[in-house]
Amino acid sequence: YVTMSTGATLEKTDVVVAELEELFKDIEEVEDLISKIYEDEAILTFQLKEDYKKINKKSIPQIKEELEDMVDRYRAADVSFEQPTSSTRFRGGGGGGGNPGAGMERLLGIGNQTESIVIKGRDFDLMRNIAGDMQTYLDDLDNIQRTSLSISDNRPEVHLYFDNEILSQYDIGLSNIGAELNTFQNQFNSNITFKQGTEEYDIVIRYDEEEEDDKTMDDLENLQIESNTGATYDLDQISRIVYARGMSGINRVNQEKQIEVTYRFISEVTDSKDFLEEA
């Protein structure tokens with residue numbers, strides 16, 4: 001489990017995970033290294049080879065100890081083999097979605113047939129476009145019941161670009177800006193958990209909705225930032241505000257980005273490979 005510091009971006013987390021993947025790539029017992037990367041955290045899953053015990057005569061605890069030694073001095077993020085209590089995304093086994101009973105249905109020979117198309121590469125935007133085109137094509141086929149992608153839709157973002165000369169001229173520190181931006185949110189995570197029995201709950205601090213109206217982009221632009229001398233400035237006076245859309249997450253297998261297009265047939269087909277080649 002990789003936990004980034006507050007304010008980390010998806011791009012920064014991706015760089016950190018790539019460094020860890022490079023660190024782990026020479027472990028002979030590992031068959032696949034699967035990375036799920038999000039804005040402020042990530043999870044790396046190691047799938048061992050079937051004959052891993054024969055390679056270097058190592059047990060799973062010994063392999064784990066080897067991994068721990070590798071990350072012992074790593075300081076770019078908090079890396080742990082214990083699930084962080086502050087994370088809700090990985091609670092319950094790291095997510096994964098899908099139908100939990102589908103594998104058993106197929107094993108017993110019942111239910112509808114589900115297949116996946118795996119798209120691999122380095123250009124994530126191009127991969128997303130190809131996956132989207134493929135999903136649209138499959139959705140239009142009569143014998144396809146349902147399709148899904150292993151990635152979420154891009155999320156809306158606001159990027160703030162500050163001019164250091166202006167900040168210096170107005171005597172405004174980044175800590176001043178950060179403090180005001182924290183008050184702009186209707187709610188924020190306190191990073192404290194409440195435990196009751198075997199359940200844990202994140203404590204979220206939220207302003208009274210009756211007293212606090214929904215914030216708009218105009219409110220953000222007009223957010224008052226106080227300088228160290230006591231003067232106040234609108235946020236758009238000291239920064240360039242850019243509206244954008246960013247990736248919600250990245251999936252990677254053995255250092256290669258990957259997107260799965262999963263589709264489910266209305267009825268069983270005799271040869272899904274022939275169907276796919278025809279498509």
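Helices (H or I, at least four residues) and strands (E, at least two) are DSSP runs, numbered from the N terminus. With that in hand, let us work through some exercises.

The model is predicted, so local features need pLDDT of at least 70 and side-chain atom pairs count only at pLDDT 80 or more, while totals for chains, interfaces and linings use all residues. Residues are numbered from 1 along each chain as its sequence is written, and side-chain values use heavy atoms, with hydrogens and water left out.

**Exercise 1. Two loop residues with unusual phi**

Find where K57 and D171 sit, and describe their backbone and exposure.

Step 1. Start with the place: K57 lies in the loop between α2 (52-56) and α3. D171 lies in the loop between α6 (164-170) and α7.

Step 2. Now look at the backbone. Most residues other than glycine have a negative phi. K57 has a phi near 60°, a positive value in a residue other than glycine. D171 also has a positive phi, about 55°, although it is not a glycine.

Step 3. Finish with accessibility, where buried means under 20% relative accessible area, exposed over 50%, and partly exposed in between (1.4 Å probe, protein chains only). K57 is exposed at 67%, and D171 is partly exposed at 33%.

**Exercise 2. Helix α1 by ruler and by face**

Check the length of helix α1 and work out how its buried residues are arranged.

Step 1. The expected span of a helix is 1.5 Å times one less than its number of residues. Helix α1 covers residues 10-24, which makes 15 residues and an expected span of 21 Å. Its end C-alpha atoms are 21 Å apart, which agrees.

Step 2. List the buried residues of α1: L10, T13, D14, V16, V17, L20, E21 and F24.

Step 3. Look down the helix axis, taking the arc as that of the directions from the axis to the C-beta atoms. The buried residues of α1 fall within an arc of 165°, so they line one face of the helix.

Step 4. A general rule helps here: an α-helix has 3.6 residues a turn, so residues three or four places apart point the same way.

**Exercise 3. Helix α3 and its end**

Repeat the check for α3, then place V71.

Step 1. The 12 residues of α3 should span 16 Å, and the end C-alpha atoms are 17 Å apart, which agrees.

Step 2. In α3, I63, L67 and V71 are buried. They fall within an arc of 75° seen down the axis, so they line one face. On the other side of α3, P61 and D69 are exposed.

Step 3. Zoom in on V71, a residue of helix α3. V71 is buried, with a relative accessible area of 9%. Its C-alpha atom is separated by 8.6 Å from that of L23, although the two residues are 48 apart along the chain.

**Exercise 4. Helix α7**

Which residues of α7 are buried, and which exposed residues lie on the face turned away from them?

Step 1. Within helix α7 (residues 174-184), the buried residues are N176, I177 and F184. Their arc is within 95°, so they line one face of the helix.

Step 2. The face turned away from that buried side carries the exposed residues L174 and S175.

**Exercise 5. The largest nonpolar core**

Describe the largest nonpolar core and the elements that build it.

Step 1. A nonpolar core is a set of buried Ala, Val, Leu, Ile, Met, Phe, Trp, Tyr and Cys residues joined through side-chain atoms within 4.5 Å. The largest has 33 residues, and those with the most contacts inside it are V2, V16, L20, F24 and L44.

Step 2. The elements that give two or more residues to this core are α1, β2 (30-37), β3 (41-48), α3 (60-71), β5 (114-121), α5 (124-139) and β14 (256-265). The largest share, 5 residues, comes from α1.

**Exercise 6. Salt bridges**

How many salt bridges does a search of the whole structure find, and which residues form them?

Step 1. A salt bridge is a side-chain nitrogen of Lys or Arg within 4 Å of a carboxyl oxygen of Asp or Glu. The search finds 2.

Step 2. E22 pairs with K25, the closest N and O atoms being 2.6 Å apart. E22 is partly exposed at 40%, as is K25 at 46%.

Step 3. E66 pairs with K58, with the closest N and O atoms 2.7 Å apart. E66 is partly exposed at 23%, and K58 is partly exposed at 25%.
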